[in-house]
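The exercises below treat salt bridges, cysteines, nonpolar cores and overall make-up in one protein model. Each has a task, followed by a solution in steps.

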Amino acid sequence: MSNLGGKSPASLLYFIPTRGVGTSTVTTVIRTGGDWTTGLFGICSDKSVCVCGALCSPCLECNLARNYGECLCFPLLPGSTLALRVGAREKYKIRGTLCEDWMAVHCCWPFAVCQVARELKRRATTQIYEINTAPTAKDTLV
């Protein structure tokens, strides 16, 4: 009866910790909805994207395609920039229309590429949480 504090083993039976069956849920939180986080001409809000877009917009677009899991030659296809922009807008549920996307891509192509790159960079930081629920005392009584 050592370390039982003078109590009989039978009275301690209900206080012995047991491993109950709990549940675990993994949740991914992605910021969605709303407007673009930066405007079409907000190139200075991210210096690295600004420099890459200014020096070599096609290289930045190839990097975007790679991040989307597409072939590096994807930006060479007609309409690829529009597809990338619409894909980003749909993925993150950004308000806008196909007409607005078309206008941005065809009238301000380097700015549109930079905006999509900034958006993907800012929204790429997802937060993953694991939520564990412990069994209640009722579940663990022996």
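**Exercise 1. Count the salt bridges and place them.**

Task: Count the salt bridges, taking as one a side-chain nitrogen of Lys or Arg within 4 Å of a carboxyl oxygen of Asp or Glu, and say which parts of the chain they join.

Solution.

Step 1. By this rule there are six salt bridges. The model is predicted, so local features need pLDDT of at least 70 and side-chain atom pairs count only at pLDDT 80 or more, while totals for chains, interfaces and linings use all residues. Residues are numbered from 1 along each chain as its sequence is written, and side-chain values use heavy atoms, with hydrogens and water left out.

Step 2. One of the bridges pairs arginine 95 with aspartate 35, at 3.1 Å from N to O. Arginine 95 sits in the loop between helix 4 (80-91) and helix 5 (98-107), and aspartate 35 in the loop between strand 1 (23-29) and helix 2 (47-55), so the bridge ties together parts 60 residues apart in sequence. Helices (H or I, at least four residues) and strands (E, at least two) are DSSP runs, numbered from the N terminus.

Step 3. Check the exposure of this pair, where buried means under 20% relative accessible area, exposed over 50%, and partly exposed in between (1.4 Å probe, protein chains only). Arginine 95 is exposed at 54%, and aspartate 35 is partly exposed at 43%.

Step 4. Aspartate 46 and lysine 121 form another salt bridge, also given as 3.1 Å from N to O. Aspartate 46 lies in the loop between strand 1 and helix 2, and lysine 121 in helix 6 (residues 109-123), so this pair ties together parts 75 residues apart in sequence. Aspartate 46 is buried, with a relative accessibility of 11%, whereas lysine 121 is partly exposed at 43%.

Step 5. In the salt bridge of glutamate 119 and arginine 123 the closest N and O atoms are 2.4 Å apart. Both residues belong to helix 6 and are four residues apart, about one turn of the helix. Both glutamate 119 and arginine 123 are buried.

Step 6. A network of salt bridges links Arg85, Arg89, Glu90 and Asp101.

**Exercise 2. Sort the cysteines.**

Task: Which cysteines does a disulfide join, and why is cysteine 71 not bonded to cysteine 73?

Solution.

Step 1. A disulfide is a covalent bond between the sulfur atoms of two cysteines. The cut-off used here is a pair of cysteine sulfur atoms within 2.5 Å.

Step 2. The structure holds one disulfide. Its partners are cysteine 56 and cysteine 59, with an S to S distance of 2.5 Å. The link is right-handed, with 60 degrees about the S-S bond.

Step 3. Both partners have an exposure value: cysteine 56 is partly exposed at 26%, and cysteine 59 is partly exposed at 43%.

Step 4. For cysteine 71, the closest cysteine sulfur is that of cysteine 73, at 4.0 Å, which is too far for a bond. Cysteine 71 is partly exposed, at 49%.

Step 5. For cysteine 107, the closest cysteine sulfur is in cysteine 108, at 5.9 Å, again too far for a bond. Cysteine 107 is exposed, at 53%.

**Exercise 3. Describe the nonpolar cores.**

Task: Which elements give two or more residues to the largest nonpolar core?

Solution.

Step 1. A nonpolar core is a set of buried Ala, Val, Leu, Ile, Met, Phe, Trp, Tyr and Cys residues joined through side-chain atoms within 4.5 Å. The largest one has 15 residues, and those with the most contacts inside it are Val49, Leu60, Leu64, Val116, Ala117 and Leu120.

Step 2. Helix 3 (57-67), helix 4 and helix 6 are the elements that give two or more residues to this core. Helix 6 supplies the largest share, five residues.

Step 3. Take leucine 60 and leave aside its neighbours within four places in sequence: leucine 60 is then in contact (heavy atoms within 4.5 Å) with Val49, Cys52, Gly53, Val113, Cys114 and Ala117.

Step 4. Another core lies apart from the largest one and has five residues, among them Leu40, Ala104, Val105 and Cys108.

**Exercise 4. Summarise the chain.**

Task: State the order of the elements and the share of buried residues.

Solution.

Step 1. The protein has seven helices and two strands. From the N terminus on, their order is α-β-α-α-α-α-α-β-α.

Step 2. Of the 142 residues, 27% are buried.

Step 3. Among contacts with a separation of 6 or more, 72% are between residues 24 or more positions apart.
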